[in-house]
Amino acid sequence: EQTSTLHPLTPDAISAYDGACHVLLDNWTGSSTIPSHSLYPHQWSWDSGFIAIGQRHLSPLRAQQELETLLAAQWGDGRIPHIVFHPEVPLAAYFPSPDFWRSTTAGRGAGAGAPTAPETSGIVQPPIHALAAWLVHQADPDTSQRRGFLVRVYPKLAAWQRYLTERRDLGGHGLASIVHPWESGMDNSPSWDQPLAAVPPAAPGSFTRADLAHGAPCDRPTDLDYRKYVRLALDYRDHGYRDDLAPHPFAVEDPAFNALLIASEHALAEIAMEIGEDSSAHLVRAEECTAALRERLWDEDAGQFFSFDVRAGSRVRERSAAGLIPLIVPGLPAPVARALIDTLTGPHFGLGDITAMAPSYALTGAAFDASRYWRGPAWFNVNWLLERGLRRYGQPRRAAALRAAMLRAAVASDFTEYVDPYTGAARGSRDFGWTAALTIDLLA
Ligand code: 9WN
């Protein structure tokens, strides 16, 4: 295993690096990394992408294994499940557990090609994986080549992206739809309130939440949110997770999900070139998706992207930070990039002025709540993406300030899951995987 060279470090940076390494070592299970020992004791899909991006500086081999373990649970139709369950963890430790998803039970996941092992969920999360694989390769090309890393993961990543651009194009305009709020990774974002309004909640008391044993109720989604999450997941499960059969009462085109899809399509093109495959189809798809993103989700008056509710046929005019994440997409027209940066640094998100890290939802939004999960708190993965976007679109000073703020907040909060955007106070679980991993990436 090779450790990559880091920039000269100040004492603060050394302590940040040291603390983050401990979290990653402690959360490593032998083949992948859990987000948290308390709240999330299994492997999560987009967490593993962010974790691999940080882990590549510490152990490129483990970073490769992180992604390989996730991809070993890929379904026949190409989907990467949002959770890969560890068999030795008691069922009661996390809800919904494998007996809820029933991916390996005949007639449930089988129609969509779920593997016979391991147990997984049946929904997905944002497609950061090809981008992560490319960054992991670049950290140590020798180990990657020796292990045939890119050659092995490329067809799987290509099938994953194809699943999203083909089977999940539910709106028919060239964007992938999410069919469950958990698929966005931003579970209780106010952007899902409208599309969820007509979803009938599951009966109260028909399931037991495990999260409230570890998290403060005011930091977590509400019971009503959970009852709707359960209803949607059960309906999908009972249609064998088949996108051609499931009614998908919740179908939303999310700008962050699609921005990561585009960034990953560009990464796939790089990977294809590196291993001598044809990259042109990836570049064409990236361009088509970028055009669709702009046509369908860009709102010039608001200066940001909004989600599109496919069932209602209308935009959801909620200012989520998801609508700024397209800043990671290459080739945005200058006025679009400029407007996104203005929105990020203006009164709605307040970056660099009111807030040190961007909130997950506008400070000015009617649903803003500084504590409740994706309805206001600042998250490290979102801010890591924004930091990349600021650098991409010519804002190195703003990017450096955000980087410094993230490092301070990560260390002061013991690598917490999310923070109050006004005070930086820690929220959610501590020693959180991607917070530690992205700290290491920012220091590298
Ligand atoms: C449901 C693991 C995951 C993250 C998500 C975050 C949270 C799960 C939950 O934890 O979601 O998937 O139980 O709340 O919202 O982004 O991937 O860290």
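**Exercise 1.** Determine which residue is the bridge partner of Trp379 in E9, and place this pair in its sheet.

*Solution.* In strand E9, Trp379 finds its bridge partner in Tyr418. The model is a predicted one, in which local features need pLDDT of at least 70 and side-chain atom pairs count only at pLDDT 80 or more, whereas totals for chains, interfaces and linings use all residues. Residues are numbered from 1 along each chain as its sequence is written. Next, E8 and strand E9 (residues 418-419) run antiparallel and are joined by two bridges; strands here are DSSP runs of E with at least two residues, and helices are runs of H or I with at least four, numbered from the N terminus, while two strands pair if DSSP finds at least two bridges between them. Finally, the open sheet has three strands in the order E8-E9-E10 with antiparallel pairing, and its edge strands, each pairing on one side only, are E8 (378-379) and E10 (426-427).

**Exercise 2.** Describe how helix H11 (residues 255-274) and helix H12 (residues 280-297) are arranged.

*Solution.* The axes of H11 and H12, which come within 8 Å, cross at roughly 165°, where axes are lines fitted to C-alpha atoms over the stretch in contact and angles run from 0 to 180 degrees between N-to-C directions. H11 and H12 are therefore roughly antiparallel to each other, a term for angles over 145 degrees. Among the residues making the contact (C-beta atoms, placed from the backbone, within 7 Å) are Leu261, Glu265 and Leu268 of H11 and Leu283, Arg285 and Leu293 of H12.

Key:
Angles under 35 degrees count as roughly parallel, over 145 as roughly antiparallel, 65 to 115 as roughly perpendicular and the rest as oblique. Two residues are in contact if their C-beta atoms, placed from the backbone, lie within 7 Å.
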